[in-house]
Amino acid sequence: MSEVLEELKQILASKKTAGIESVWLSEQNRHLLKAEIPAKRQQNNTPEPRTANPIPLPPLTPAPKPAKPPVVACPGISAAQLPLNQYGWEELLQAMQNCQACPLAQGRKHVVCGNGCPQARLMFIGEGPGEEEDKQGIAFVGRAGQMLTHMIQAMGFDRNSNNPKDAVYIANIVKCRPPKNRNPSEQEAAACLPFLQRQIALIKPQVIVLLGAVALHFLLKQTGITKCRGNWLDYQGIPVMPTFHPAYLLRFEGQKNLFTSEKRKVWNDLQQVMAKLKIC
Ligand code: SF4
């Protein structure tokens, strides 16, 4: 009987090698195998499974373990280091420069961390770097940036000053350029926001100006820049003035009346900021 069993096992092994997962067996052979399987299971102290015909062959190789999801990490930030909310400027800038935490890292030329005086009283926040900013690694240097520079000068501030009295700091929600200047996604903004939050915590500006709907949405979770602009909001005790993004104003350059009226709205908002900072 054991010779028959051995022969049967060899046949099954050759089928298994050939990739055949199940075979039909005669009743006699099934009885032979059934007598063998409980004996082995008893040795292994494992429960007997329900029988099924045809008898399934054991898998040739163990099932592959599910692949671990890729680790999305910011190399500048590791568990061994301080938490981000305790970073000083040096660690923070290094973490931003090394960051790979969202897909925007793939297409960037430069990480645009932010520019200006770290002790500035006034902070401007836009949505993300554009083409020129990505090339130069400096915030707001394209056409919209030039318009913002003029606005800052008109307010009596200087974006190149290091004197906290008249200096500004300019940053964005995301530090790397979204492709084709699209808006940052929720995932990208969520990955990058802790950097901006730490920048604000270090600068402690007296007033923040939010430039456009995207900055308003991601920093304060509010929608409707047209409705919100010109009204004071709050970010952790800091007064926030939302206004239109300079790129929005540039859309009306060819329509003189509209351009003037939209610019006037922004200027009214900025005058409120100047009053708050008591420089009027
Ligand atoms: Fe990191 Fe922000 Fe750049 Fe995304 S956009 S890679 S979170 S620095």
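Student: Helices (H or I, at least four residues) and strands (E, at least two) are DSSP runs, numbered from the N terminus. On that footing, where is Gln86?

Tutor: Gln86 lies in the loop that runs between α2 (27-44) and α3 (89-98). Please bear in mind that this is a predicted model, in which local features need pLDDT of at least 70 and side-chain atom pairs pLDDT 80 or more, while totals for chains, interfaces and linings use all residues. Residues are numbered from 1 along each chain as its sequence is written, and side-chain values use heavy atoms, leaving out hydrogens and water.

Student: How accessible is Gln86, and why is it put in the class it has?

Tutor: Its relative accessible area is 47%, so Gln86 is partly exposed. Buried means under 20%, exposed over 50%, and partly exposed in between, with a 1.4 Å probe and protein chains only.

Student: What separation does Gln86 have from Arg198?

Tutor: Their C-alpha atoms are 8.3 Å apart in space, although their positions lie 112 residues apart in sequence. Arg198 belongs to α6 and is buried.

Student: Which other α6 residues are buried?

Tutor: Among them are Glu188, Ala189, Cys192, Leu193, Phe195 and Leu196. Further along α6, Gln199, Ile200 and Ile203 are buried too. In general, residues three or four places apart in an α-helix point the same way, because there are 3.6 residues a turn.

Student: Where is the kink in α6?

Tutor: It lies at Cys192, shortly before the proline Pro194, and amounts to about 40°. The bend at a residue is the angle between axes fitted to the seven residues ending there and the seven starting there.

Student: Turning to the ligand, which residues surround it?

Tutor: Cys192 is one of them, and Ala191 and Phe195 also take part. The others are Cys99, Ala101, Cys102, Leu104, Ala105, Arg108, Lys175 and Cys176. A residue is near a molecule if one of its heavy atoms lies within 4 Å of it.

Student: What follows α6?

Tutor: Lys204 does, and its phi is positive, near 50°.

Student: What is the phi of Lys180, and of Lys221?

Tutor: Lys180, which is not a glycine, has a positive phi of about 55°. It sits in the loop between β3 (168-172) and α6, and its 79% relative accessibility makes it exposed. For Lys221, also a residue other than glycine, phi is positive and near 55°. Lys221 is in the loop between α7 (213-220) and α8 (225-228); at 57% relative accessibility it is exposed.

Student: Lastly, where is Glu132, and how far is it from Arg143?

Tutor: Glu132 is in helix α4 (residues 131-136) and is partly exposed because its relative accessibility is 29%. Arg143 is 11 residues away along the chain, with 8.9 Å between the two C-alpha atoms.
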